[in-house]
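Open the model in your viewer and keep the selection panel at hand. The tour goes stop by stop: select, look, move on.

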Amino acid sequence: MAANDTIADMLTRIRNASLARHQVTEVPSTKMTRSIAQVLRDEGFIADFTEDGEGVKRKLMISLKYQGRSHQPIINTLKRVSKPGLRVYASCKELPRVLGGIGVAVISTSSGIMTDRDARRKGLGGEVLCYIW
């Protein structure tokens, strides 16, 4: 199925898979989804991701992470902020702090996709893609 908003599609697939306690979820591969998956892996929200397939049928296989014996998902909430119908931008001074620094805001800057902390450290602003905690 074709999705106009690939980021929202990715976040929804990860959210649904973690609520269903799946180990792996499949997401269509684009530069943007790969970059977001890289940020999620670096921040410890997912275990790892790999890329399968060729051409248009490329998929990201995202391995989800759980904690404890109760198998609780590491990711509690994924929230899309900037949407195709309403883009949300912030300067480096206006970048949001998610849950007082516990969560992460994923920002699309001129230097690539990064967390709000990295963007603040580099003095960059950009489009606020999503919140994760």
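What follows is a walk through a predicted model, from a sheet to its helices, cores, polar contacts, cysteines and two backbone angles.

**Stop 1: the sheet**

Select β1 (24–28), β2 (46–52) and β3 (59–64). These three strands form an open sheet, in the order β1-β3-β2. The pairing is antiparallel. Which strands stand at the edges? They are β1 and β2. Each has a single partner strand, so one side of each is left without a neighbour in the sheet. Look along the sheet for its twist, which averages 25 degrees from one strand to the next.

Now keep β2 and β3 on screen. Six bridges join them. Pick Glu 51, then look across to β3: Leu 60 stands opposite.

**Stop 2: the helices on the sheet**

Add α1 (6–19). This helix lies across β1 and β3. Its direction makes an angle of about 170 degrees with β1. Next add α2, residues 31–42. Helix α2 lies across β1, β2 and β3, and runs at about 155 degrees to β2.

**Stop 3: the nonpolar cores**

Select Ile 14, Ile 36, Ile 46, Ile 62, Val 106 and Ile 132 and show side chains. In the largest nonpolar core, which has 25 residues, these six touch the most other members. Which elements give two or more residues to this core? They are α1, α2, β2, β3, β8 (104–109) and β10 (126–132). The top contributor is α1, with five residues.

Zoom in on Ile 36. Beyond its neighbours up to four places away in sequence, Ile 36 touches Ile 7, Met 10, Val 106, Ile 113 and Leu 129. A second core is separate and holds eleven residues, including Val 81, Leu 95, Val 128 and Tyr 131.

**Stop 4: Ile 7**

From Ile 36, step to its contact Ile 7. Ile 7 sits in helix α1. Is Ile 7 buried or exposed? Ile 7 is buried, because its relative accessible area of 6% is under the 20% cut-off. Outside the four places on either side in sequence, Ile 7 is in contact with Met 32, Ile 36, Arg 80 and Leu 129. For a distance check, pick the C-alpha atoms of Ile 7 and Lys 31. They are 11 Å apart in space and 24 residues apart in sequence.

**Stop 5: Asp 5 and Arg 80**

Go back to the segment before α1 and select Asp 5. Asp 5 is buried, at a relative accessible area of 18%. Its side chain makes a polar contact of 2.9 Å with the side chain of Arg 80. Leaving out residues up to four places away in sequence, Asp 5 touches Arg 80 and Pro 84.

**Stop 6: Ser 82**

Move to the loop between β6 (78–80) and β7 (89–90), and select Ser 82. Ser 82 is buried, with a relative accessible area of 0%. What does the side chain of Ser 82 join through a polar contact of 2.6 Å? The partner is the side chain of Glu 127. A polar atom of the Ser 82 side chain also lies 2.9 Å from the backbone nitrogen of Val 88. Residues up to four places away in sequence aside, Ser 82 touches Arg 87, Val 88, Glu 127, Val 128 and Leu 129.

**Stop 7: the cysteines**

Select Cys 92 and Cys 130. How many disulfides are there? The count is zero. Why is there no bond at Cys 92? The closest cysteine sulfur, in Cys 130, is 20 Å from that of Cys 92, too far for a bond. A disulfide needs the two sulfurs within 2.5 Å. Colour by accessibility here. Cys 92 counts as partly exposed at 25%, whereas Cys 130 counts as buried at 0%.

**Stop 8: two positive phi values**

Select His 71, in the loop between β4 (66–67) and β5 (72–73). Its phi is near 60 degrees, a positive value in a residue other than glycine. His 71 is partly exposed, with a relative accessible area of 28%.

Finish at Leu 99, in the loop between β7 and β8. Phi of Leu 99 is also positive, near 50 degrees. Leu 99 is partly exposed, with a relative accessible area of 47%.

Note on methods:
Residues numbered from 1 in each chain as written. Predicted model: local features only at pLDDT ≥ 70, side-chain atom pairs only at ≥ 80, totals over all residues. Heavy atoms only, no water. Helix = DSSP H or I, 4+ residues; strand = E, 2+ residues; numbered from the N terminus. Buried < 20%, exposed > 50% of the residue type's maximum accessible area, 1.4 Å probe, protein only. Polar contact = N/O pair within 3.5 Å; in protein donor to acceptor, adjacent residues only side chain to side chain. Contact = heavy atoms within 4.5 Å. Pairing = 2+ DSSP bridges. Axes fitted to C-alpha atoms, helices over the stretch in contact; angles between N-to-C directions. Core = buried A, V, L, I, M, F, W, Y, C linked by side-chain atoms within 4.5 Å.
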